[in-house]
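Trainee: I am new to this structure and would like a close look at one part of it. Could you pick a good residue to start from, and then walk me through what surrounds it?

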Amino acid sequence: MKVIRAVLPMLPLCERVLPSRLTGLSIALLKATALEIAILAGHLLLYPSGIVQERRTTAPEPSTLPESPTAHLPTEPQPPVVLLHGFIDNRSVFVLLRRALTQHGRQQIESLNYSPLTCDIRTAAELLGRHIEEICRRTGQPRVDIVGHSLGGLIARYYVQRLGGDIRVRTLVTLGTPHSGTRAVPLADAHPIVRQMRPGSEVLEELRLPAPDCRTRFIAFWSDLDHVMDPPETACVEHPDLMAQNVQVTGIGHLALPVHPAVATGIGQALDQSDELPATGVRSDRARAGGLTVA
C-alpha cells in the first residue's frame, strides 16, 4: 500500500537506533500502524454509506442463476453469511470482505447494523436472533454462517452459546473479538457495553459456563499486533465444550482484520471447511490451531 511505501525510508533509521533483536518487531509494528491509519481514513469516508440498514433480497430462483460448466451437478446450497460489525461501527467496514466472499462463491451475504446506542450485549444478541430467524424464513435456509468483527463476534457468541442460537448458526468466525475480555482503553469504561467486554464481567462469566451440546463451530482470528485486544490472546476462544479453531494472524492490527485480503481468503477457506463437515461436529476440533502471516 502507498502508506506503507511512504514509511520505508524510515526503516534504516530504525535499524540504527533500535537494538537488533527489536528491529524486526519495530518494523512490523511500524507497517501495521501505517496500515491501520490508512484503513481508518478510508473507513471514515465510507462510514456514512453504512448507517442505513441494507435492503433485503430474497434468494434467487435456481433458474435465474448463471450457467456454469458444473451447473448440472447437484450441489448442497450454502448457508447465508451474516456480517456483524464492531463497537461504534456499521456495515461499511465489510465492503471489501463482502466483495471477497462473493468472489469466493458465496451468493447470499447480509450485513446487519445494531444501534450505536446499544448498551447491553444480551439485548443485542436477542435482536440478532430475531434477524437470523427472519433471514432463514426469507432464504429458506435452516442455518447461517456469521462473521463478527470485535464486539460483533461477542454478540454472536452470546446468541449461539446462551440463547440457543447454535441451532441456527453453523459456523461463527470472529475477528479480533475479546472472548476473555480486554483491558485496552480504560477511559472507555463509562460505556456499559465496554464494561461488559472487560475481564471478569457478568457476560464473560456466562460464556465460561458449560455448553456441552453447542453445535456451532468457532473460528477465531487473532492478531499479535492487535492493540485493542489486551492481551492479544484474549481474542482466542478457550472453552472445553466448544469446537474452536484459533488462527493467529501476524503483521496487522485490529482494523485490518476485516479488510486484509489474506484474512478474507482465510475466512472463505474456513467456511469451505465447514461445508465439508458433518451436521454434528467433532469436539476434538477445538484443539486445532493455525497461523496466517500477512506482513
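**A buried leucine and its surroundings**

Mentor: Let's start with L151, which counts as buried because its relative accessibility is 0%. Keep in mind as we go that this is a predicted model. L151 lies in helix α6. Leaving out residues up to four places away in sequence, L151 touches H85, G86, F87, Y114, I121, I193 and M197. Those names are worth holding on to, as several of them will come back. You can also try one distance for yourself: from C-alpha to C-alpha, L151 and D89 are 9.8 Å apart in space, while 62 residues separate them in sequence.

For some background, the chain has 9 helices and 7 strands. Of its 295 residues, 48% count as buried. Take the contacts between residues at least 6 apart in sequence: 82% of these join residues at least 24 apart.

Now follow helix α6 itself. Helix α6 covers residues 151-162, and its axis comes within 8 Å of the axis of helix α5, residues 121-139. The two axes cross at roughly 75 degrees, which means that α5 is roughly perpendicular to α6. On the α6 side, the contact is made by L151, L154, I155, A156, Y158 and Y159. On the α5 side, the residues are I121, R122, A124, A125, L128, G129, I132 and E133. So our starting residue is part of this helix contact, and so is its partner I121, because both names appear among the residues that make it. Sorted by class, the contact of α5 with α6 has 11 nonpolar, 1 polar and 2 charged residues.

Next, look for empty space. Rolling a probe the size of a water molecule over the atoms shows where empty space is left. The structure holds 2 cavities of 30 Å³ or more. The largest cavity has a volume of about 60 Å³, and its lining is made of L84, L112, N113, Y114, A124, L127, L128, H131 and I155. Here you meet Y114, one of the residues that L151 touches, and you also meet A124, L128 and I155 from the helix contact. Helix α5 gives the most to this lining, with 4 residues. By class, the lining of the largest cavity has 7 nonpolar residues, 2 polar ones and no charged ones.

The second largest cavity has a volume of about 40 Å³. Around it you will find F87, I88, Y114, S115, P116, T118 and I193. Among these, F87, Y114 and I193 are contacts of L151. This lining divides into 5 nonpolar and 2 polar residues, with no charged ones.

There is an open space to visit as well. The second largest pocket holds about 500 Å³ of space. Its lining has 21 residues, and F87, I88, S150, V228 and H254 are the ones nearest its centre. Helix α3, residues 20-46, gives the most to this lining, with 3 residues. By class, the pocket lining has 13 nonpolar, 6 polar and 2 charged residues.

I88 deserves a pause here, since its name came up in the lining of the second largest cavity and near the centre of the pocket. I88 is found in the loop between β1 (81-84) and α4 (95-103). Most residues other than glycine have a negative phi. I88 is not a glycine, yet it has a positive phi of about 50 degrees. With a relative accessible area of 54%, I88 counts as exposed.

Finally, look at H149, found in strand β3, residues 144-149. H149 counts as buried, with 3% relative accessibility. Apart from its neighbours within four places in sequence, H149 is in contact with L84, H85, G86, F94, L175, T177, H254 and P258. Two of those names, H85 and G86, are also on the contact list of L151. L84 belongs to the lining of the largest cavity, and H254 is one of the residues nearest the centre of the second largest pocket.

Notes:
Residues are numbered from 1 along each chain as its sequence is written. This is a predicted model: local features need pLDDT of at least 70, side-chain atom pairs count only at pLDDT 80 or more; totals for chains, interfaces and linings use all residues. Side-chain values use heavy atoms; hydrogens and water are left out. Axes are lines fitted to C-alpha atoms, for helices over the stretch in contact, and angles run from 0 to 180 degrees between N-to-C directions. Helices (H or I, at least four residues) and strands (E, at least two) are DSSP runs, numbered from the N terminus. Angles under 35 degrees count as roughly parallel, over 145 as roughly antiparallel, 65 to 115 as roughly perpendicular and the rest as oblique. Contact means heavy atoms within 4.5 Å. Ala, Val, Leu, Ile, Met, Phe, Trp, Tyr, Cys and Pro count as nonpolar, Asp, Glu, Lys and Arg as charged, and the others, Gly among them, as polar. On a 1 Å grid over the protein atoms alone, a cavity is a set of points where a 1.4 Å probe fits but cannot get out, and a pocket is an open set with protein on both sides within 12 Å along at least five of seven lines; lining residues have an atom within 4 Å of a point. Grid points are joined across faces, edges and corners, and a volume is the space filled by probe spheres set on the points. Buried means under 20% relative accessible area, exposed over 50%, partly exposed in between (1.4 Å probe, protein chains only).
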